Amino acid sequence: MSNPTLASWLVVASLLLMGCDRTQPKEPAKTVQPPASAFRPIRHEAIALPNLVQAHPRVYSGGQPHGAEGFRELRELGVKTIISVDGATPDVAAARAEAIACVHLPVGYNGIDRIRALELAKAIRELPGPVYLQCHHGKHRSPTAAAVACVGAGLIEPGEAPALLKLAGTGENYLGLHRAAAEPQPLSPEQLAGISCEFPEVAQLPDLAEAMVELDHRFERLGIIAEAGWVTPPDHPDLSPAHEALLVSESFAELIRNQAADTHPAEYREVMVESNKHALELVTAIGSVGSEPPDEDTRRKLDGLRSAIAERCKSCHQNWRDNQFVLPPP
């Protein structure tokens with residue numbers, strides 16, 4: 001029998017290969033972790049942490065912890081850093097007792113400026129986490145700060161920020177906070193790394209005189225609205241009656257909580273408390289009107305509440321601010 005030719009061998013080899021199982025062994029299935037953006041905000045029930053909301057696996061927001069129990073709850077959640085966005089001085093000692101670091105980056109009710117937004121994004125990216133952003137009640141400033149920070153740090157998508165405010169119960173009249181949550185965009189790691197900022201335990205806050213000057217400005221805007229019949233003035237379309245009344249009320253609340261207020265007579269605090277009471281009544285009365293011009297009776301009520309606040313402001317100026325406080329230069 002003659003040796004097969006090369007062509008014959010090629011035919012045989014082709015037939016053999018056709019019968020072979022060329023299926024490659026499959027790799028074991030891998031567990032795929034969902035991206036961070038797949039997380040949806042959760043509202044938690046807590047004993048001593050008001051309005052506790054989890055914005056991201058490493059970011060919570062809420063109110064001022066109620067005593068030692070609140071700080072223990074934070075430790076049990078695994079929180080390593082508290083970022084206070086409230087105007088009041090944070091309780092650094094109580095946080096330290098639970099081995100939690102404190103950072104003070106206060107924001108206002110009228111919004112979050114660009115610099116503070118960058119600092120908040122950098123903070124939640126670089127500080128030990130999980131982090132807990134807190135304000136006084138945990139309904140307005142802290143969830144807004146959490147939304148702005150998470151978007152800037154790339155932890156949530158920009159379109160998810162409004163849902164976080166809704167979950168926390170942020171009031172619709174806090175127009176500046178809602179605008180702040182709608183504005184941020186994700187920052188690149190290079191942008192975050194290039195931000196130079198400090199993270200103080202206690203921030204240097206404006207003194208009472210500066211806070212009162214800001215309150216004066218807000219009250220003046222409320223006066224413009226009153227002259228227009230308690231509707232948005234045609235020549236000031238940016239002034240919302242409900243929003244401006246709310247900012248006046250929150251200004252009084254901040255003055256009451258200001259640590260420096262404890263050094264002044266009890267009468268001073270009484271004036272602030274009474275003024276805030278009238279401001280809250282003003283907020284409620286405006287809210288009952290809606291977008292329509294108020295009727296004559298409601299208008300008289302609104303004018304009366306504003307006048308009552310003005311009288312107390314005048315008394316405060318005469319008795320304390322003008323005589324005892326050092327005003328900033330104009």
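**Figure 1. Residues around the second largest cavity of this predicted model.** Let's start inside the protein: Phe 39, Pro 41, Ala 55, Ile 156, Glu 160 and Leu 164 line the second largest cavity. Sorted by class, that lining has five nonpolar residues, no polar ones and one charged residue. The volume enclosed here is about 40 Å³. In the structure, two cavities reach 30 Å³ or more.

**Figure 2. The second largest pocket and its lining.** Here we turn to an open space, with a volume of about 280 Å³. Its lining is made of 15 residues, and Arg 114, Ala 117, Leu 118, Pro 184 and Gln 185 are the ones nearest the centre of the pocket. Helix H4 (114–126) and helix H5 (141–152) each contribute at least two lining residues. The biggest share comes from H4, which supplies four. By class, the lining of this pocket splits into nine nonpolar, three polar and three charged residues.

**Figure 3. How H4 packs against H5.** The two helices that we met at the pocket also pack against each other, with their axes 8 Å apart and an angle of about 70 degrees between them. Angles of 65 to 115 degrees count as roughly perpendicular, so H4 and H5 are roughly perpendicular to each other. On the H4 side, the contact is made by Ala 117, Leu 120, Ala 121 and Ile 124. Their partners in H5 are Ala 145, Val 148, Ala 149, Cys 150 and Gly 152. This contact comprises eight nonpolar residues, one polar residue and no charged ones. Ala 117 appears in this contact and is also one of the residues nearest the centre of the second largest pocket.

**Figure 4. A cis peptide bond at Pro 130.** Have a look at the bond from Gly 129 to Pro 130: it is cis, with omega near 5 degrees. Pro 130 sits in the loop between H4 and strand S6 (131–134).

**Figure 5. Two non-glycine residues with positive phi, Asn 51 and Trp 230.** For Asn 51, phi is near 50 degrees. Asn 51 belongs to the loop between strand S1 (42–43) and strand S2 (53–56). Since buried means under 20% relative accessible area, Asn 51 counts as buried at 19%. For Trp 230, phi is about 65 degrees. Trp 230 is in the loop between H9 and helix H10 (241–257), and is buried with a relative accessible area of 4%.

**Figure 6. Two pairs of residues brought together from separate parts of the sequence, Gln 204 with Pro 106 and Gly 287 with His 243.** Gln 204 is in the loop between helix H8 (189–193) and helix H9 (208–227). Its relative accessible area of 77% makes Gln 204 exposed. From Gln 204 to Pro 106 the C-alpha distance is 9.7 Å, although 98 residues of sequence separate the pair. Gly 287 lies in helix H11 (residues 266–289) and is partly exposed, at 49% relative accessibility. Gly 287 and His 243 are 44 residues apart along the chain, with 9.9 Å between their C-alpha atoms.

**Figure 7. The whole chain, as a setting for the close-ups.** Stepping back, the chain has twelve helices and six strands. Of its 330 residues, 45% are buried. Among contacts between residues at least 6 apart in sequence, 67% join residues at least 24 apart.

Note on methods: Residues are numbered from 1 along each chain as its sequence is written. This is a predicted model: local features need pLDDT of at least 70, side-chain atom pairs count only at pLDDT 80 or more; totals for chains, interfaces and linings use all residues. Side-chain values use heavy atoms; hydrogens and water are left out. On a 1 Å grid over the protein atoms alone, a cavity is a set of points where a 1.4 Å probe fits but cannot get out, and a pocket is an open set with protein on both sides within 12 Å along at least five of seven lines; lining residues have an atom within 4 Å of a point. Grid points are joined across faces, edges and corners, and a volume is the space filled by probe spheres set on the points. Ala, Val, Leu, Ile, Met, Phe, Trp, Tyr, Cys and Pro count as nonpolar, Asp, Glu, Lys and Arg as charged, and the others, Gly among them, as polar. Axes are lines fitted to C-alpha atoms, for helices over the stretch in contact, and angles run from 0 to 180 degrees between N-to-C directions. Angles under 35 degrees count as roughly parallel, over 145 as roughly antiparallel, 65 to 115 as roughly perpendicular and the rest as oblique. Contact means heavy atoms within 4.5 Å. Buried means under 20% relative accessible area, exposed over 50%, partly exposed in between (1.4 Å probe, protein chains only).
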